[in-house]
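Biologist: I am new to reading protein models, and I would like to learn how to go through one feature at a time. Could we take it slowly, with the general idea before each case?

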Amino acid sequence: MVTDELAAFERWKACIADAARCQNVVLKLGGLTPPSEMAMHMSRRTAGPISSEQLAGLWLPYHDHALKTFGPQRCMFESCVAAPPRICATSGLACLHGRL
């Protein structure tokens with residue numbers, strides 16, 4: 001991550017920790033959008049959609065922090081997310097979910 005992205009990630013982690021202090025809050029993991037923005041940026045630099053391995057590498061720090069902060073009992077993961085075609089294929093998104 002570059003410096004600006006790292007600073008944004010640290011701010012995001014602090015916000016997630018604040019939200020996790022509220023015991024009535026649960027987290028929908030598929031709603032984590034910062035990795036999607038990074039994936040869109042990455043896909044612009046490649047000839048086409050990025051691989052599920054690349055996407056998992058972008059999402060993993062976010063999912064890891066969310067799971068550690070909220071705990072698995074307060075996280076949910078939906079399976080109805082449509083893959084934006086410029087980022088990855090639907091099959092790539094399914095592989096991503098398995099990788100995470």
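Biologist: Which residue takes a positive phi just after helix 3?

Modeller: Please keep in mind from the start that this is a predicted model. The residue is Gly71, which follows directly after helix 3 and has a positive phi of about 85°.

Biologist: Before we go further into that helix, how many helices and strands are there in the protein, and in what order do the elements run?

Modeller: The protein has four helices and two strands, and, read from the N terminus on, the order is α-β-α-α-β-α.

Biologist: Why does the end-to-end distance of helix 3 agree with its number of residues?

Modeller: The idea is to work out a span from a rise of 1.5 Å a residue and then to set it beside the distance in the model. Helix 3 covers residues 52-70, which is 19 residues, so it should span 27 Å, and because its end C-alpha atoms lie 25 Å apart, the two values agree.

Biologist: Where does helix 3 bend, and which proline follows?

Modeller: The bend is at Trp59 and comes to about 40°, with Pro61 following within four residues.

Biologist: Which residues of helix 3 are buried?

Modeller: A residue is called buried when its relative accessible area is under 20%. In helix 3 the buried residues include Trp59, where the bend was found, as well as Leu55, Leu58, Tyr62, Ala66 and Phe70. For the protein as a whole, buried residues make up 34% of its 100 residues.

Biologist: What should I expect of nonpolar side chains, and which residues form the largest nonpolar core here?

Modeller: In soluble globular proteins, nonpolar side chains tend to be buried together. Here the largest nonpolar core has ten residues, namely Phe9, Trp12, Ile16, Ala20, Leu27, Leu29, Tyr62, Ala66, Phe70 and Cys75. Helix 1 and helix 3 each supply at least two residues of this core, and helix 1 gives the most, with four residues.

Biologist: How many aromatic pairs are there, and how are the rings of Phe9 and Trp12 arranged?

Modeller: To read such a pair, one looks at the distance between the ring centres and at the angle between the ring planes, where planes under 30 degrees apart count as stacked and those over 60 as edge-to-face. The count comes to three aromatic pairs. In one of them, Phe9 and Trp12, the ring centres are 5.9 Å apart and the planes stand at 15°, so this pair is stacked. Both residues lie in helix 1, three residues apart, about one turn of the helix, and both are buried.

Biologist: Is the pair of Trp12 and Tyr62 stacked or edge-to-face?

Modeller: With ring centres 4.8 Å apart and planes at 65°, Trp12 and Tyr62 are edge-to-face. Because Trp12 lies in helix 1 and Tyr62 in helix 3, this pair ties together parts that are 50 residues apart in sequence. Trp12 counts as buried at 15% relative accessibility, and Tyr62 counts as buried at 4%. Phe9, Trp12 and Tyr62 form one aromatic cluster.

Biologist: What share of the contacts with a separation of 6 or more comes from residues 24 or more positions apart?

Modeller: In this protein, residues 24 or more positions apart account for 74% of those contacts.

Biologist: How many salt bridges does the structure hold, and which side chains meet in them?

Modeller: It helps to begin with the helix itself: an α-helix has 3.6 residues a turn, so residues three or four places apart point the same way. The structure holds three salt bridges. Glu10 and Lys13 meet at 3.5 Å, N to O, and both lie in helix 1, three residues apart. Asp64 and Lys68 have their closest N and O atoms 3.1 Å apart, and both lie in helix 3, four residues apart. Arg21 and Asp18 meet at 2.3 Å, N to O.

Biologist: Which of Asp64 and Lys68 is exposed, and which is partly exposed?

Modeller: Asp64, at 36% relative accessibility, counts as partly exposed, whereas Lys68, at 64%, counts as exposed. In the bridge between Arg21 and Asp18, Arg21 is exposed, with a relative accessible area of 57%, and Asp18 is partly exposed, with 45%. Glu10 counts as partly exposed at 39%, and Lys13 counts as partly exposed at 23%.

Conventions. Residues are numbered from 1 along each chain as its sequence is written. This is a predicted model: local features need pLDDT of at least 70, side-chain atom pairs count only at pLDDT 80 or more; totals for chains, interfaces and linings use all residues. Side-chain values use heavy atoms; hydrogens and water are left out. The expected span of a helix is 1.5 Å times one less than its number of residues. The bend at a residue is the angle between axes fitted to the seven residues ending there and the seven starting there. Buried means under 20% relative accessible area, exposed over 50%, partly exposed in between (1.4 Å probe, protein chains only). A salt bridge is a side-chain nitrogen of Lys or Arg within 4 Å of a carboxyl oxygen of Asp or Glu. A nonpolar core is a set of buried Ala, Val, Leu, Ile, Met, Phe, Trp, Tyr and Cys residues joined through side-chain atoms within 4.5 Å. Rings of Phe, Tyr and Trp (its six-membered ring) pair if their centres lie within 6.5 Å; planes under 30 degrees apart count as stacked, over 60 as edge-to-face and the rest as tilted. Contact means heavy atoms within 4.5 Å.
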